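Good morning, and thank you for coming. Please look at the sequence and the structure on the screen, and keep them in view while I speak.

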Amino acid sequence: MIIKSRAPLRLGLAGGGTDVSPYSDNYGGYVLNVTIDMYAYCIIEPTNDNKIVFNATDRNETFEIDSQPKIDATGDLLLHKGVYNKIVEKFNSKKPLSFKMTTYSDAPAGSGLGSSSTMVVAIIKGFVEWLNLPLGEYDIASLAYEIEREDLKLSGGKQDQYAATFGGFNFMEFYENHRVIVNPLRVKKWIKNELESSLLLYYTGTSRDSAKIIDEQVRHTKNKDDKTLEAMHLLKEGALTMKEAILKGNFELLTQCIKDSWKAKKNTASVISNQKIEEAYDFIIEHGGKAAKISGAGGGGFMMIIVDSTKKHSLYRNLVKRDGKVFSINIVENGTEAWTIY
């Protein structure tokens, strides 16, 4: 028996950062995101040798230990260890499991596409399939958040876990006491097609530690820094504007919203942008791009680009010449999935 699962990565279209405490606790946060055809994958092979083996093939990291109810969550493969510990504690009566787990992702860590949280969701979904756990979408996303932010003390927000679990276009609301409301959007097919034909992803070649950026935003929010709070409020308003643009197919408004949100995002922390990112942005606009912004916390990773479809391939070729990885992506409607092979 082999259990396989996957969860889609996401593009943050608007409002990213307002899902992070304490901003979401004090003011409420709005985020609009959509999942794309890039995934985090998990493969579980149950064994009888009383061993636990984690193998992250994309990171070239392996961990092996005798089966036990709790693994010390330090060192490499923290996410794998954290999920295992939680599953065994909450759902397996603290009885150890014996298995080999293989994971990999279509995007590197620090990509800005929510790859870490997406991997957590994929691993949880694998255990849900294997152990037949009665967990719905909100349960899986909430559990993923609890593992990352509370158990492992990793900095970050809440949107990634919910995007990976639910899939598709979602307008999300974040409030105090970890209250989250996911509103799936019924986006017309032609709007989805037009957005896909207008999107490019450009990998800046630099992964980044989102924790440092998020920690600075949290610090500014706690200190009620006027510049940061004003920028966060603008990002939140931008999510509402983006929702209207997406639902109505108003691509001029969508483009302006991305421009405005990138400008506001840079005012939330000092390391959101840098010379390399600004040079890439200028290059994109000079070669036909209409708008662009760094996906995720900032500082590096993928840049999301809006471009007129008639200029898409020209921009694509120019970006490739500029020594970068360029992706044309598709939107996916399904969230995390799992299946068993006998």
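In what order do the four strands of the open sheet stand? The model is a predicted one, and in it the order of the strands is S9-S10-S8-S11, with antiparallel pairing. For those new to the subject, strands of a sheet pair through backbone hydrogen bonds, and the pairing may be parallel or antiparallel. Strand S9, residues 289-294, and strand S11, residues 325-327, stand at the edges. Each of these two has a single partner strand, so one side of each has no neighbour in the sheet. From one strand to the next, the twist averages 25°.

Let us take one pair from this sheet. S9 and strand S10, which covers residues 302-307, are joined by five bridges in the antiparallel sense. One residue to find on the screen is Ile294, whose bridge partner in S10 is Met303. A helix also belongs in this picture: helix H11, residues 312-321, packs on the sheet and touches strand S8 (199-203), S9, S10 and S11. The direction of H11 makes about 5° with that of S8.

I turn now to strand S1 and its partners. Is S1 largely enclosed or left open by the rest of the structure? Of the 13 residues of S1, 10 are buried, so the strand is largely enclosed by the rest of the structure. S1 pairs with strand S12, residues 337-341, in the antiparallel sense over five bridges. Within that pairing, Ile3 stands opposite Thr340 in S12. S1 also pairs with S2, again in the antiparallel sense, over 10 bridges. Here Pro8 has Tyr39 in S2 as its bridge partner.

The next topic is the interior. In soluble globular proteins, nonpolar side chains tend to be buried together. The largest nonpolar core in this model has 36 residues, and Phe54, Tyr84, Phe99, Ile124 and Phe127 touch the most other members. Which elements give two or more residues to this core? They are strand S1 (2-14), strand S2 (29-46), strand S3 (51-56), helix H2 (78-91), strand S5 (99-105), helix H3 (115-131) and helix H4 (137-151). H3 gives the most, with nine residues.

Tyr84 is a useful residue to select on the screen. Leaving aside its neighbours within four places in sequence, Tyr84 is in contact with Ile52, Phe54, Gln68, Pro69, Ile71, Pro96, Leu97, Phe99 and Phe127. Apart from this core lies another, of 34 residues, including Tyr30, Leu113, Leu199 and Tyr203.

Let me add a word on cysteines. How many disulfides does the count give? The count comes to zero. Two cysteines may be located in the model: Cys42 is buried, at 1% relative accessible area, and Cys257 is buried as well, at 6%.

I come next to the loop between S1 and helix H1 (23-27), where Pro22 is found. A cis peptide bond joins Ser21 and Pro22, with omega about 10°. Asp19 lies in the loop between S1 and H1 too. Is Asp19 buried or exposed? Its relative accessibility is 4%, under the 20% limit, so Asp19 counts as buried. Beyond its neighbours within four places in sequence, Asp19 is in contact with Ser24, Val31, Gly157, Lys158, Gln159 and Phe174. The C-alpha atoms of Asp19 and Glu173 are separated by 7.9 Å, although these residues are 154 residues apart along the chain.

Two asparagines deserve attention for their backbone angles. Asn60, in the loop between S3 and strand S4 (61-66), has a phi near 55°, a positive value in a residue other than glycine. Asn132, in the loop between H3 and H4, has a positive phi of about 55° and is not a glycine. Asn60 is exposed, with a relative accessible area of 72%, and Asn132 counts as exposed at 67%.

Finally, I mention an annotation. An unreviewed UniProt entry places the feature "domain: GHMP kinase N-terminal" at residues 81-168. In the model, that span is 58% helix and 8% strand, and its end C-alpha atoms lie 28 Å apart.

Thank you for your attention.

Notes: Residues are numbered from 1 along each chain as its sequence is written. This is a predicted model: local features need pLDDT of at least 70, side-chain atom pairs count only at pLDDT 80 or more; totals for chains, interfaces and linings use all residues. Side-chain values use heavy atoms; hydrogens and water are left out. A nonpolar core is a set of buried Ala, Val, Leu, Ile, Met, Phe, Trp, Tyr and Cys residues joined through side-chain atoms within 4.5 Å. Buried means under 20% relative accessible area, exposed over 50%, partly exposed in between (1.4 Å probe, protein chains only). Contact means heavy atoms within 4.5 Å. Two strands pair if DSSP finds at least two bridges between them. Axes are lines fitted to C-alpha atoms, for helices over the stretch in contact, and angles run from 0 to 180 degrees between N-to-C directions. UniProt positions are given in the numbering used here, feature names are shortened, and annotations may be inferred rather than shown by experiment. A disulfide is a pair of cysteine sulfur atoms within 2.5 Å.
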